[in-house]
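Me: I am in my first year and would like a close look at a single part of this protein. Please take one helix, and explain how it sits among its surroundings.

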Amino acid sequence: MTTRLDALERVVVAGTTAAALVLVPGVPAPLRAIVMVGWALVVPGLAWVRELPLHDPVEQGAGALALSLAALV
């Protein structure tokens with residue numbers, strides 16, 4: 001039995017994979033910083049945004065950013 005990932009799940013998987021790949025030694029520091037900050041600002045919130053009654057991608061993005069920032073505080 002296989003399951004297909006929806007768009008939000010694909011973004012979470014891709015962001016987490018990118019964050020894991022930049023931890024490999026030899027990755028330039030500026031690239032590492034950009035990917036890790038981007039991950040911290042978006043991916044944790046995307047994991048929870050599906051529980052909210054948001055349907056528009058812009059609303060989901062704003063909700064993901066807000067939830068991620070709230071998690072950092």
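Reply: A residue counts as buried when its relative accessible area is under 20%, and as exposed when that value is over 50%. By this rule, 16% of the 73 residues of the protein are buried in this predicted model. The protein has three helices and zero strands, arranged along the sequence in the pattern α-α-α, and the part to look at here is helix α3, which covers residues 57-72.

Begin with the length of α3: at 1.5 Å a residue, its 16 residues should span 22 Å, and the C-alpha atoms at its two ends are indeed 22 Å apart, so the expected and the modelled span agree. Along this helix, Q60, G63, A64 and S68 are buried. Because these buried residues fall within an arc of 130 degrees when one looks down the axis of α3, they line one face of the helix. That buried set packs against two other helices, namely α1 (7-21) and α2 (29-49), whereas the face of α3 turned away from the buried side carries V58, A70 and L72, which are exposed.

A further residue of interest is L67, which joins W48 and L52 in a nonpolar patch on the surface, and together the three have about 310 Å² of accessible area. Of these partners, W48 is found in helix α2, and with a relative accessible area of 59% W48 is exposed.

For the wider setting, the accessible surface of the protein comes to about 5300 Å², and carbon and sulfur atoms make up 73% of that surface.

Terms used:
Residues are numbered from 1 along each chain as its sequence is written. This is a predicted model: local features need pLDDT of at least 70, side-chain atom pairs count only at pLDDT 80 or more; totals for chains, interfaces and linings use all residues. Side-chain values use heavy atoms; hydrogens and water are left out. Helices (H or I, at least four residues) and strands (E, at least two) are DSSP runs, numbered from the N terminus. The expected span of a helix is 1.5 Å times one less than its number of residues. Buried means under 20% relative accessible area, exposed over 50%, partly exposed in between (1.4 Å probe, protein chains only). The arc is that of the directions from the helix axis to the C-beta atoms. Contact means heavy atoms within 4.5 Å. Patches are made of residues with over 30% relative accessible area and no salt bridge: like charges are joined within 9 Å, nonpolar side chains (Val, Leu, Ile, Met, Phe, Trp, Tyr) within 5 Å. Accessible areas come from the Shrake-Rupley method with a 1.4 Å probe; for residues, only the protein chains shown count as cover. A salt bridge is a side-chain nitrogen of Lys or Arg within 4 Å of a carboxyl oxygen of Asp or Glu.
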